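Student: Could we go through this model together, one question at a time? I would like each answer to show its reasoning.

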Amino acid sequence: MEKQDTKILNLEEINEILTDALLKVSTRKISLKQAITISKLAQSLTKNIVAIDLKNRVEFLEQHLKNIQ
C-alpha cells in the first residue's frame with residue numbers, strides 16, 4: 001500500500017470546508033446527502049482537534065507543575 005501525504009486540518013480550515021459545502025448545496029453543485037456526509041466528517045474532526053488540544057494543554061500544565069516542585 002502506498003503512503004499518502006496527509007494534511008492536518010485546523011478548525012478554521014474545517015469551517016471553510018463546511019462553508020464551501022453549504023454554498024455548493026445552495027447552488028445545487030453537490031447533493032444534500034453529500035453535504036451531510038461532509039458535515040458529519042467535519043464534526044468528528046472538530047471533536048478530535050478539541051480533544052487533542054485539551055490533552056496537549058493538560059500535559060503542558062502537568063509538566064509545568066513538575067518543574068515547579
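Student: Which residues of H2 do Leu-11, Ile-14, Ile-17, Leu-18, Ala-21 and Val-25 in H1 meet?

Tutor: Contact here means heavy atoms within 4.5 Å, and helices are DSSP runs (H or I, at least four residues) numbered from the N terminus. On that basis, the partners in H2 of these H1 residues are Leu-32, Ala-35, Ile-38, Ser-39, Ala-42, Leu-45, Thr-46 and Ile-49.

Tutor: Before we go on, this is a predicted model, in which local features need pLDDT of at least 70 and side-chain atom pairs count only at pLDDT 80 or more, while totals for chains, interfaces and linings use all residues. Residues are numbered from 1 along each chain as its sequence is written, and side-chain values use heavy atoms, with hydrogens and water left out.

Student: How many residues of each class, nonpolar, polar and charged, does the contact of H1 with H2 have?

Tutor: Ala, Val, Leu, Ile, Met, Phe, Trp, Tyr, Cys and Pro count as nonpolar, Asp, Glu, Lys and Arg as charged, and the others, Gly among them, as polar. Sorted in this way, the contact of H1 with H2 comes to twelve nonpolar, two polar and no charged residues.

Student: Are H1 and H2 roughly parallel or roughly antiparallel to each other?

Tutor: Two packed helices are described by the angle between their axes and the distance between the axes. For H1 (residues 11–26) and H2 (residues 32–68), the angle is about 170° and the axes are 10 Å apart. Since angles over 145 degrees count as roughly antiparallel, H1 and H2 are therefore roughly antiparallel.

Student: What is the distance between the end C-alpha atoms of H1, and what span should its 16 residues have?

Tutor: The expected span of a helix is 1.5 Å times one less than its number of residues. For the 16 residues of H1 this gives 22 Å, which agrees with the distance between its end C-alpha atoms, 23 Å.

Student: Which residue caps the N-terminal end of H1?

Tutor: The cap rests on a side-chain oxygen that lies 3.1 Å from the backbone nitrogen of Glu-12. The residue that supplies this oxygen to the N-terminal end of H1 is Asn-10.

Student: Is Ile-30 buried or exposed?

Tutor: Ile-30 is found in the loop between H1 and H2, and, leaving aside neighbours within four places in sequence, Ile-30 is in contact with Ala-21, Lys-24, Val-25, Ala-35 and Ile-38. Buried means under 20% relative accessible area, exposed over 50%, and partly exposed in between (1.4 Å probe, protein chains only). With a relative accessible area of 18%, Ile-30 is buried.

Student: Is Arg-28 buried or exposed?

Tutor: Arg-28 is also found in the loop between H1 and H2, and its phi is near 60°, a positive value in a residue other than glycine. At 77% relative accessibility, Arg-28 counts as exposed.

Student: Which residues does Leu-9 touch, not counting residues up to four places away in sequence?

Tutor: Leu-9 is found in the segment before H1, and its relative accessible area of 25% makes it partly exposed. With those sequence neighbours not counted, Leu-9 touches Ile-14, Ile-17, Leu-45 and Ile-49.

Methods: Axes fitted to C-alpha atoms, helices over the stretch in contact; angles between N-to-C directions. Helix = DSSP H or I, 4+ residues; strand = E, 2+ residues; numbered from the N terminus. Parallel < 35°, antiparallel > 145°, perpendicular 65-115°, else oblique. Polar contact = N/O pair within 3.5 Å; in protein donor to acceptor, adjacent residues only side chain to side chain.
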